[in-house]
Structure formats: structure tokens, C-alpha cells
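Please look over the sequence and the model shown here. The paragraphs after it go through the ligand site, the nonpolar cores and the two ends of the chain.

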Amino acid sequence: MSQEKLLNLLKVQKCIYPPEDFVKNANVKDYEAEYKRFLENPEKFWEEVANQLFWYKKWDKVLEWNYPYAKWFVGGKTNITVNALDKNIEKGLKNKVAFFWEDEFGNEKVVTYGELYRLVNKIANALRRAGVKKGDRVVIYMPLVVEQIAAMLACARIGAIHSVVYAGFSAPALRHRIQDAEAKLVITADVTIRRGRAIPLKQIVDEAIRDLEYVEKVVVLRRLQPKVDLIGEKEVDFYDFIKDESNYCEPEIMDAEDPLFILYTSGSTGKPKGVLHTTGGYMVGTYYSMKTVFDLKDSDIYWCTADPGWITGHSYIAYGPLLAGATQVIAEGAPNYPDPGRWWRIIEKYGVTIFYTAPTAIRMFMAAGEEWPNKYDLSSLRLLGSVGEPINPEAWLWYYRVIGKERCPIVDTWWQTETGSVMITTIDSLPMKPGKAGKPVPGVIADVVDKNGNPVEPNKGGFLVIKYPWPTMMRTIYKDKERYEKYWNTIPNCYFAGDIATKDEDGYIMVLGRADDVINVSGHRIGTMEVESALVSHPAVAEAAVIGKPHPVKGETIKAFIVLRKDHKPSEKLIEDIKYHVRMELGALAVPSEIEFVDKLPKTRSGKIMRRVLKAKELGMDPGDLSTLEE
Ligand code: WTA
């Protein structure tokens, strides 16, 4: 069908049905029944999932809920890597492929569960030998290579808390995360490779850890020849570090509530927050959603295009799929380099069956043209996924038609770093409504409410909330209890996610965007205040305000309004200079695409910058209530 015909069909029937044989074979054939089973006894529901995994000792209690603090599988003892590796190998997956890795030039590396097991155990032993103990923090700043994921698992093996920092972040951003976590050890690589170019990482680490005495060691994966120099006693080559270690590392016995990782994400202040996830609940929840939301079967070839520097890569590359024994494809580099056929070539090459990506990528490929995917055989695909931002119906239909050939259901998955796993989508048997994420997955009670927590009428805008604890929920913000409690204090008796949404008469939730000062550029969360503080650290900048502007491919782009200090004049060169400064402070993804110099910024009488006034003016909208505006 053409895009137009599909649009018309959608107007008539309001939704798109998953193919009959898909539903017949789905892991969850009847969403309503599964959801009902959860509602009838939430604890029993989760206990049954937990029982599918290995525990050294089972829990005494499934849930302990002291609003707003939850403990799941209280008293249970396990190790997530034993479930992801040892137990899968015992089940016969030793020589099953865990990862097909590929770079931009088509070079590949195939790693089986057995090989991954040995690599993880060796790294874990080496970390222990280096003095890393349970509870110590390790920062991982690496490209998307198998060693990156193995390093995460190695930390989990010995109970060290990993904090993965996306390799696009700059030295000050990395330094902030290393400092906040007081990391003992950093694992990095010489370079990450994107668009055929080697981007140095180790230099950034060297700068980031300058004078930080608690960083005892830097382990460097050296990929290029000649090998990058190692400086001083702190730095060691990755493969030298692990070469004499044995293939087995005794796993640390972890309490269900022992921390597994910290992942920094943007909020509405100038400082990113360290979202903390724990072991047992996270393991159970990511495992469950892998089987249900992604309908994973033993024979699937699963490809999630995220980077483990973000939560999607934690839950749906490093943990969920390995717990479920999946074979995965991972690809380093840009989606459209050397040409826009790259991803489709990879799907054909490995016979990918489940493909999970972001709307921004889909829109970019729409712009590049159908001829690219049409050159390749995509018939292996059976399920598509989307994550990170709202997917507009046009992009949804293109994805459905051109990539899925109208055969593959699409799961538009709404969730967050804080939620740990998918919360809202159309699992398996549910009809899909393009542009609407869908219904809460079994295990989740979600709603759209007003500021007092009362449900709003169908199709009216409100706040998206979750009303009952779930196993993969974050347990706290590292070193910042108050910031954690704010999620649960803003709207009575609810977790407030920060998003605005609507719910229709069928209970389908459509996420409209953020209610706070967080911008979503190409599916990446960026705090306006973080960009503003980077801007004002430039010597020419007196004041800055940042807004998100709708963009057809990226979802949003960043526009900055800047008041210059005395003696500084606007110029093209200054704009370039300021952009460069932000790149150095935060990283490329936070650089404003537009900078406008202004004489003053709209402020409230108490001196707070009113970004919404700037935004309304920029987009030609009604700025709303201006009674608090000073000028
Ligand atoms: C947005 C990414 C609409 C939302 C997993 C959320 C979405 C933020 C969707 C979290 C979706 C994510 N539809 N919006 N399917 N998925 N978002 O923490 O604003 O990087 O609050 O987690 O992305 O971003 P985060």
C-alpha cells in the first residue's frame, strides 16, 4: 500500500492490527488476560517471573513499599551475570552467538556466549586483582564494542557499580560524572570511530581525571596501530590487564537491592543526576519485557541500535537480551555511513528479525529515500520497535510500510532512564495506533492525571504518571535523596515522569513531550540549564537562555538566546566560538544549532528566566499568563 492509502485506511479503522499469525505465536497472546493476571495479584505476578531466573537464595518478601522507597525481592540473593552467562551456557547456549559486531567498513566480529563468558570473567578477575571491590564505582567510557558490554558485565560479576558515560561527552562532562561517583577505575579506549574518523577518547579521559587521586587505574583498549602511548603508572593496556587471568571468576553474591549501576541523565537543573538501579528487580523486569514487549524467541536475531551509554543500551543490549539468551547485532558508527544503505545491508546480512531504533533515525532515512532500504532483502524482519521520543504518524507509517513491509507490528515503547524498562507500548496482540505509544505493559499501572492526581477526561492533556511501584524503578538519585523524592512528591501518590500526555477512550496513551526544561534532541535528553551553564562559562557571555525548537528530523534542536558582556560584539566568529565552547564543555550533542544575541532576557520579578516566553515568541504562539513577567 502507498503511504496515502495507509493513511486513509487508518482514518477509517483508527488502528492497525498485528498479523494473525504473529498474534497466534506471540509470547503474550492476550494482553488483557495478562494484564488482569497482574492486577489480581501484582506480587504473585512478579514472583512467577523471578522464579524463571536463578537465585542463590529466594526472597522473603516480593515487595516492601515505604512510599516513595521500594524494595523488591527482599532478602533474595543472586548475580545478574550468572543468569546472563553461566545459566545460559548450562542450558546449552555455549556456542550460540551472543553478538555479531560490525564497524562502518563491514569488518565483523562474532562472539559466542562461551567467548563472552570467558572475556567477562577475565576482566572481572583483573578488576578484583586491581583492588576493585563490591560497591566501588567504575566508569566506562568506550565506543560500542563487545569489550564495552563485557566491561559492564565484569563489574556486575564482582558487585562493582558501573557508570557508563556515552563516548560523545566532553572532558568536563566526563569529569563531573567521575567525580560525583568517585570512581576508582576508568575503562576506556584509544578511539571511537564515526563517519570513518577516529575520535580520540583516551586524551579526554586524561584531561577528565587530572588531579583526581581516587582514580587509581585507567584501562585502555588500544584499537589502532601504532598503539597510543600509555602515560605513567595508572594506565594499562586492556588486554595486558586481563591476559593472565583465569576464565572463571567467582561471582559476588549480590543482595537483590545491592546497586547494579548508576547512569547519569539530564533533569531541570544544571547538574545531571545519577539514576541508581539495583540488582534483583532490574534483572526480573528487563528479562520479562524482553520476552513480552519484544516477543523474543530462541531463533531471533535481535538488533537494538542504541549505545550502552544510554539506558536503552543498558536494559535492551547489555542485560535484557543476554538474560533471555538472545543473539544480537551491534554496530559501531553512524547509521548512514558510508551510505544510507548501511543499516538495511546489516539487516539482510545477519537476517535480523527484531529491530529496535529511534524516530530520529527513521525520519533521517525517510529523507534519504525509500530506494536505500528497497535495495536490500528485509524479509527476515518480524517486529519493529521505536524509543526515545514521540514518533509522528508519518514516520510510523513509513517505518511500517517501507521497513516492515506491512508485515511487522511496531512497538512504540515509552520509558525512561528512571523507569529502567518499557512502561507503555502495544505488546504483541494489541492493535496499534500510530503516534500513540499504547497501554501500560503488564506490571505497570499508568495514567494521565491533573496536578492533584485526578484522572483527566479522555483526550485531554495531563501529566503522565505511574501509580504503583515496579521492579525496575530507580531506587534513588545517587547522593541526592531530595531529587529522588521529588519524582514522587510532585503529584500526590504518583511517580511523575516529567512528560505530558493524553489518554483516549480505549486507554491508549499518547506522549506529547516533556513538561519540564528538558530538551529531546535526536532522542537524547539534554537539560536546558546544563547548556545554559556551559554557555555562561564562556568569557563573552553574560546571560543565556535555552529552548527546544521543533525539528523535522531531530525532534527538537537547541536555540540559545545570549546577552553578551560589555565590550563584546555579536559576530559570526563569536557564534562559532561559543558553539565550540559548548562542545568542549558538554559534547557535540549539546551544541545549540542556533544562537541569537539579545539585549535582555524575559524574567519573572524574582529573576527567573521565563523560557516559555522566548519559546512562544520563537514559535509564534501565545505565551500564556504573563502576570509574573517583569518586563
Ligand atoms: C521521551 C529513553 C514519546 C520522554 C528510554 C521520556 C518518549 C524521555 C518515548 C526519557 C516514546 C522516550 N514516546 N516519548 N516512545 N520514549 N520518550 O531517559 O520524554 O533517555 O521522558 O530514556 O524520552 O528519555 P531517557
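A polar contact is a pair of N or O atoms within 3.5 Å. The model is a predicted one, and the ligand is a convenient place to begin. In the side chain of Arg514, an N or O atom is 2.7 Å from an oxygen atom of the ligand, so this pair falls within the 3.5 Å limit for a polar contact. Gln416 also has a polar side-chain atom beside the ligand, 2.9 Å from one of the ligand's oxygen atoms. Gly388 takes part through its backbone: a polar atom there is 3.1 Å from a nitrogen atom of the ligand.

How much of the ligand's accessible area does the protein cover? On its own the ligand has 530 Å² of accessible area, and the protein covers 96% of that. Three elements each give two or more residues to the shell around the ligand: helix 12 (311–323), strand 20 (410–413) and strand 27 (509–514). In total, 17 residues surround the ligand, and the closest are Asp412, Thr417, Asp499, Arg514 and Arg525. Sorted by class, the shell holds six nonpolar, six polar and five charged residues.

Next come the nonpolar cores. The largest has 166 residues, and the members that touch the most others are Phe73, Leu116, Leu127, Ile178 and Tyr319. Helix 7, residues 146–158, is the element that gives the most to this core, with ten residues. Leu127 shows what such packing looks like: leaving out residues up to four places away in sequence, Leu127 touches Val132, Ala154, Cys155, Ile158, Leu185, Ile187 and Phe241. Another core lies apart from the largest one; this other core has 35 residues, including Trp343, Phe355, Phe365 and Ile391.

The start of the chain can be placed in the same way. Met1 is in the segment before helix 1 (3–13). Not counting neighbours within four places in sequence, Met1 is in contact with Leu6, Leu9, Arg401 and Glu406. Between the C-alpha atoms of Met1 and Gly135 the distance is 55 Å, with 134 residues separating the two in sequence.

Further along the chain is helix 18, residues 528–536. Which residues of helix 18 are buried? They are Thr528, Glu530, Val531, Glu532, Ala534 and Leu535. Among the elements that cover these buried residues are four strands, namely strand 28 (518–521), strand 29 (524–527), strand 30 (541–551) and strand 31 (555–564). Helix 19 (572–585) and helix 20 (611–619) are also part of the cover over helix 18.

How values were computed:
Residues numbered from 1 in each chain as written. Predicted model: local features only at pLDDT ≥ 70, side-chain atom pairs only at ≥ 80, totals over all residues. Heavy atoms only, no water. Near = heavy atom within 4 Å. Polar contact = N/O pair within 3.5 Å; in protein donor to acceptor, adjacent residues only side chain to side chain. Areas by Shrake-Rupley, 256 points an atom, 1.4 Å probe, with all protein chains shown as cover. Nonpolar A, V, L, I, M, F, W, Y, C, P; charged D, E, K, R; others polar. Core = buried A, V, L, I, M, F, W, Y, C linked by side-chain atoms within 4.5 Å. Buried < 20%, exposed > 50% of the residue type's maximum accessible area, 1.4 Å probe, protein only. Contact = heavy atoms within 4.5 Å.
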